[in-house]
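Reader: Please take a close look at a single part of this model and describe what surrounds it. Cut-offs should be given where terms come up.

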Amino acid sequence: MLKIVGIMLLGVFTGYLLKNYQLRWVQKWIMLAIWLLLFLLGIAVGTNGEIMNNLDTIGLKGLILALGGVSGSVILARWDVLPQELLQQDFSMYVLYGLMFLVGISIGSDRKAWAALKGQQLRIVLVPLATIVGTLAGSIGVSFLLTDIRLTDCLAIGSGFGYYSLSSIFITEYRGAELGTIALTTNIIREIITLLGAAVLVRCFGKLAPICSGGATTMDTTLPVITRFSGKEYVIIAIFHGFVVDFSVPFLVTFFAKL
């Protein structure tokens, strides 16, 4: 865990030093690394007969965990309490190290996120805190329904906060392909809930709800629906929120996965 976090922090520092340069190539390399790691995850899943025979059960568990995580985070938002060589672990870990370094560069060089941090009062920090605490609380709540999954595993999956590619890769490395598949399903469903349900979330839980529901995706894929239904004044909050929650994913997922 320390090695992964250290590599990511090195990437953040490198990205910060290079923030005045155009680093469009970083996003392309991040996607290539994610595709490679997801391909490796797919091989592990496809060659595991037990997983393939229980995909329906795995999908249901992913749905329950996604609903638990989203429910916990949007409720806090509503209360205004402010995300066989190919199968060898070594090969996957080297790719993962490279991915974390690139993710760090991407975060460190993101001027919008740093500007949001400087331009807002301390209250903005409470929004990602609500997402993290609410998601973990919701994951604990639904863990009683999923008696065959350990509490710490539910927390590790919930800590993906919609960042389905990275979280599923981490969980696969530490807890195996079956749990990695559940994590992938859970966090994809979380993103879909935000994209399709933003209007309902705003109506029922307030304008911060789509931000908390979107988790780590609020500075990219879910930002358009947040802008549309919460308003342009919430864009800076969404970007900062996505930045913080995104940064927390490798820390929290690996912490809970190793318990």
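Author: The backbone nitrogen of Gly-214 lies 3.4 Å from a polar atom of the Thr-194 side chain, where a polar contact is a pair of N or O atoms within 3.5 Å; within protein, one must be able to donate a hydrogen and the other to accept it, and residues adjacent in sequence count only if both atoms are side-chain atoms. This is a predicted model: local features need pLDDT of at least 70, side-chain atom pairs count only at pLDDT 80 or more, and totals for chains, interfaces and linings use all residues. Residues are numbered from 1 along each chain as its sequence is written, and side-chain values use heavy atoms, with hydrogens and water left out.

Thr-194 sits in helix α10; helices are DSSP runs (H or I, at least four residues), numbered from the N terminus. Thr-194 counts as buried because its relative accessibility is 0% (buried means under 20% relative accessible area, exposed over 50%, partly exposed in between, with a 1.4 Å probe and protein chains only). Apart from neighbours within four places in sequence, Thr-194 is in contact (heavy atoms within 4.5 Å) with Pro-210, Ser-213, Gly-214, Thr-222 and Val-225.

Leu-195 also belongs to helix α10, but at 34% relative accessibility Leu-195 counts as partly exposed. Leu-195 joins Tyr-164, Ile-188, Ile-192 and Leu-196 in a nonpolar patch on the surface, together about 440 Å² of accessible area. Helix α10, residues 177-205, supplies the largest share of that patch, four residues. Nonpolar side chains (Val, Leu, Ile, Met, Phe, Trp, Tyr) are joined within 5 Å, from residues with over 30% relative accessible area and no salt bridge (a side-chain nitrogen of Lys or Arg within 4 Å of a carboxyl oxygen of Asp or Glu). Accessible areas come from the Shrake-Rupley method with a 1.4 Å probe.

Conventions. Patch = residues over 30% accessible without salt bridge, like charges linked within 9 Å, V, L, I, M, F, W, Y side chains within 5 Å. Helix = DSSP H or I, 4+ residues; strand = E, 2+ residues; numbered from the N terminus.
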